[in-house]
Amino acid sequence: MLGARIAVLRRAKGWSQGELAEKLEVSPSAVGMYEQGRREPSTGVLLRMSELFGVTVDYLLKGVPEEAGTQAMEAILDQMQDQLALRKKRPLSREELAVLFAAMLMES
């Protein structure tokens, strides 16, 4: 599920895998492998991701935001809802839908 969370957060920012890779100083293929669950990001990369996405490392790893991260998650959900309304490219994967659904359940 870490990979799906990375993909959802990346799309919420409107970034391509290449753009995220550049910000993380890794290769685009590394980002693709993170999202597919074929490779785990290093601790340093996880920390950079949490800063870039405005979420905690706990959220990235476990999917449960801390109280301080709840507002950031609500903003991400709002962005995702806007992007889903405009989405015409590729539908979300089952993993991405699961992450989105879990985040929506945490709101209530």
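A salt bridge here is a side-chain nitrogen of Lys or Arg within 4 Å of a carboxyl oxygen of Asp or Glu. With that in hand, welcome to a set of close-up views of a predicted model.

**Figure 1. A salt bridge joins helix α1 to helix α3.** The side chains of Arg-10 and Glu-35 come together at 2.5 Å, taken from N to O. Arg-10 belongs to helix α1 and Glu-35 to helix α3, so this pair ties together parts that are 25 residues apart in sequence. Are these two charged partners buried or exposed? Both Glu-35 and Arg-10 are buried. By the rule given at the start, the count of salt bridges comes to two, and the other view of such a pair follows next.

**Figure 2. Asp-58 and Lys-62 form a salt bridge within helix α5.** Here the N to O distance is 3.9 Å, which still satisfies the 4 Å cut-off. The two residues sit four positions apart in helix α5, so about one helical turn separates them. Asp-58 has a relative accessible area of 29% and is therefore partly exposed. Lys-62, at 58% relative accessibility, counts as exposed.

**Figure 3. The whole chain is built from helices, with no strands.** Stepping back for a moment, the protein chain has seven helices and zero strands, giving the pattern α-α-α-α-α-α-α along the sequence. Of its 108 residues, 39% count as buried. Among contacts with a separation of 6 or more, 58% are between residues 24 or more positions apart. The chain exposes about 6,400 Å², and carbon and sulfur atoms supply 52% of that area.

**Figure 4. Helix α1 is largely enclosed by the rest of the structure.** Helix α1 covers residues 2–13, a run of 12 residues. From its first C-alpha to its last it reaches 17 Å, close to the 16 Å expected at 1.5 Å a residue. How many of the residues of α1 are buried? The number is 11 of the 12, which is why this helix is largely enclosed. The buried residues include Leu-2, Ile-6, Val-8 and Leu-9, and also Arg-5, Arg-10 and Arg-11. Just after the helix, Gly-14 takes a positive phi of about 80°.

**Figure 5. The largest nonpolar core has 25 residues.** Leu-9, Leu-20, Met-49, Phe-53, Val-55 and Leu-60 are the residues with the most contacts inside this core. Two or more core residues come from each of α1, α2 (17–24), α3 (28–36), α4, α5 (57–62), α6 (70–86) and α7 (94–107). Which helix gives the largest share? It is α1, with six residues.

**Figure 6. Helix α4 keeps its buried residues on the same side.** In this helix, residues 43–53, the buried positions are Val-45, Leu-46, Met-49, Ser-50 and Phe-53. They cover an arc of only 140° around the axis, so they fall on the same side of α4. Thr-43 and Glu-51, on the other side of the helix, are exposed. Take a look at Met-49: leaving aside neighbours within four places in sequence, Met-49 is in contact with Ile-6, Leu-24, Tyr-34, Pro-41 and Leu-60. Ser-50, also in α4, has 10% relative accessibility and therefore counts as buried. Not counting residues up to four places away in sequence, Ser-50 touches Val-55, Thr-56, Val-57 and Leu-60.

**Figure 7. Gly-54 follows helix α4 with a positive phi.** The phi of Gly-54 is near 75°, and this glycine is found in the loop between α4 and α5. At 37% relative accessibility, Gly-54 counts as partly exposed. Its C-alpha atom is separated by 9.5 Å from that of Leu-9, although the two residues are 45 residues apart along the chain.

**Figure 8. Glu-25 has a positive phi although it is not a glycine.** Most residues other than glycine have a negative phi. For Glu-25, the value is positive, about 60°. Where is Glu-25 placed? Its place is in the loop between α2 and α3. With a relative accessibility of 70%, Glu-25 counts as exposed.

Notes:
Residues numbered from 1 in each chain as written. Heavy atoms only, no water. Buried < 20%, exposed > 50% of the residue type's maximum accessible area, 1.4 Å probe, protein only. Contact = heavy atoms within 4.5 Å. Areas by Shrake-Rupley, 256 points an atom, 1.4 Å probe, with all protein chains shown as cover. Expected span 1.5 Å × (residues − 1). Arc of directions from axis to C-beta. Core = buried A, V, L, I, M, F, W, Y, C linked by side-chain atoms within 4.5 Å.
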